[in-house]
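This briefing introduces one structure to a reader who has not met it before. The notes after the display are grouped by topic.

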Amino acid sequence: MANQQTIDKIREAGVVGAGGAGLPTQVKVNASVDTVLVNGASCEPLLSSDPYLMEHEVETLVRGLESVMECTGASKGYICLKGKHAGAMASVRAAAARTGGKIEAFELGDFYPAGDEQVLVHEVLGRTVPEMGLPLQVGAVVSNVETVFNIARALDGRPVTHRYLTVAGEIAKPMVVKAPIGMPVADVLALAGGPTISEYRVVDGGPMMGKVIPDVSRAVVTKTTSGLLVLPPEHNVVARKIMEPARLRNFTNTCCCQCSRCTDLCPRHLLGHSLHPHKLMRVFANQEMDSEIAKEALLCSECGICEKFACPLGVSPREVNAQIKRVLMQGGVKWQNTGRELSTNPFRDERRVPTSRLIHRLGISAYDTHPGYAGELTSSVVHIPLRQHIGAPAMCIVSEGVRVQCGDVIGEIPEKAMGARIHASISGVVESVADGMVTIKA
Ligand code: SF4
Ligand code: SF4
């Protein structure tokens, strides 16, 4: 039985999954498992904030992990990271050694996507999560580094008000910073010396799974902003993310030669899941959305290996899957688990994609500079979205003209809904509440 007091503190502090879509963390830790994994794979190229936290804030991280273990009844905890982050590895090993074997450092291979929850569970525990399943079903909870760090702070009564993130790419001073939630992205870029090119696009997140920000002048840092990558508009990473759906379909119909290389290298397929991206390319080309094969798209993690590494012709099974998924989800179609036993592909180890080769293929070697921590940024104005997580948007509980302190609750979870609290990230006066956003001026 999970510890209710811990769950309440996590909910009160507004902790959400910092490494993904922002699942409210009180939902994830309300579980009973034997193992907790801290996901420090940091497998998206160019992002460095998690290794920074593992190296310099390891005691807080271990405290957070111990709390999650106690909350879920887990007897074992692993902090999982890559050996190439030598400073972080040394800190984690030393801190783990002080726990008497309760917590261990687990060294991951340097491949992508080592941080995919299902891949991580397989690497560390040798257990295979069911198709469309959760690590919970095989006795594990997986939580990202910054999430566990925020859990420790939540237990000290400190809410989530800031985010650690990497600024990289075509920027004068690449850096890792701690920014207040709601800080304008344009201001973060300016404090990093500004873009080094006049025409650019900004990716929120990593080059593989991050999203191109449609309008930088309106974008802000949120609880899930792990990085801001400044890239030329014509860069391979950007161009693939913003291809028009009609162009994508033409491209798919005319280019895919059904070589099945995307399937051969798909990490979920290699775990034994019923996912065959090359077959989904046929489904998409023929618009057979009601076929049984179409449902396989629901198993896709959108990791991008097929699109950015496997396909020799530059086609995008990832985007095709995303589009099929959208159609199926709108129609209420769900994956039916057959309960069949999943067997790992015998060539899985050889087919894992080395990060160094991926970086080369993406054309981002010049940006792979491992920037250091440049400190905490301050902002004279923040625009804090009431929805930064999976679930219902928070209900605004402040109005224009009200004075708030950093850490005050400004958005509450609606009654009986799944959601996350939102807090003021600077002290000041609420200037406006509009379009799901609370603007505070210092
Ligand atoms: S999408 Fe690319 S890798 Fe996949 S079958 Fe088609 S051509 Fe081959
Ligand atoms: S994005 Fe491609 S490689 Fe990744 S899980 Fe989906 S189909 Fe597989």
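**Ligand surroundings, two helices and a sheet**

The residues of the shell around ligand 2 divide by class into nine nonpolar, three polar and three charged. The model is predicted. The points below take up the shells of the two ligands, then helix 6 and helix 7, then an open sheet of four strands.

**Ligand 2**

- The shell around ligand 2 holds 15 residues, and those that come nearest are Cys-266, Cys-300, Cys-303, Cys-306 and Arg-318.
- Helix 12, helix 14 (305–310) and helix 15 (317–330) each provide at least two residues of this shell.
- Helix 15 gives the most to the shell around ligand 2, namely three residues.

**Ligand 1**

- Ligand 1 is surrounded by 15 residues, of which Cys-256, Cys-259, Cys-262, His-278 and Cys-311 are the closest.
- By class, the shell around ligand 1 is made up of eleven nonpolar, three polar and one charged residues.
- At least two residues of the shell around ligand 1 come from each of helix 11 (261–265) and helix 13 (277–285).
- Helix 13 supplies the largest share of the shell around ligand 1, with three residues.

**Helix 6**

- Helix 6 spans residues 117–125, and its buried residues include Glu-117, Gln-118, Val-119, Leu-120, Val-121 and His-122.
- The cover over the buried residues of helix 6 includes strand 1 (35–40), strand 2 (76–82), strand 5 (140–144) and helix 12 (267–270).
- Helix 12 thus appears both in this cover and among the helices that supply the shell around ligand 2.
- Gly-126, just after helix 6, takes a positive phi of about 70 degrees.

**Helix 7**

- Helix 7 (residues 145–155) is mostly covered, with ten of its eleven residues buried.
- The buried residues of helix 7 are Val-145, Glu-146, Thr-147, Val-148, Phe-149, Asn-150, Ile-151, Ala-152, Arg-153 and Ala-154.
- Just after helix 7 comes Gly-157, with a positive phi of about 85 degrees.

**The four-stranded sheet**

- Four strands form an open sheet in the order 13-19-18-15, and their pairing is antiparallel.
- Strand 13 (381–385) and strand 15 (403–404) are at the edges with a single partner strand each, so one side of each has no neighbour in the sheet.
- Strand 18 (residues 428–434) and strand 19 (residues 437–441) run antiparallel and are joined by five bridges.
- Ser-432 stands opposite Thr-439 in strand 19.

Technical notes:
Residues numbered from 1 in each chain as written. Chains lettered and ligands numbered in written order. Predicted model: local features only at pLDDT ≥ 70, side-chain atom pairs only at ≥ 80, totals over all residues. Buried ≥ 20, exposed ≤ 12 C-beta atoms within 10 Å, placed from the backbone. Contact = placed C-beta atoms within 7 Å. Near = placed C-beta within 6 Å. Nonpolar A, V, L, I, M, F, W, Y, C, P; charged D, E, K, R; others polar. Pairing = 2+ DSSP bridges.
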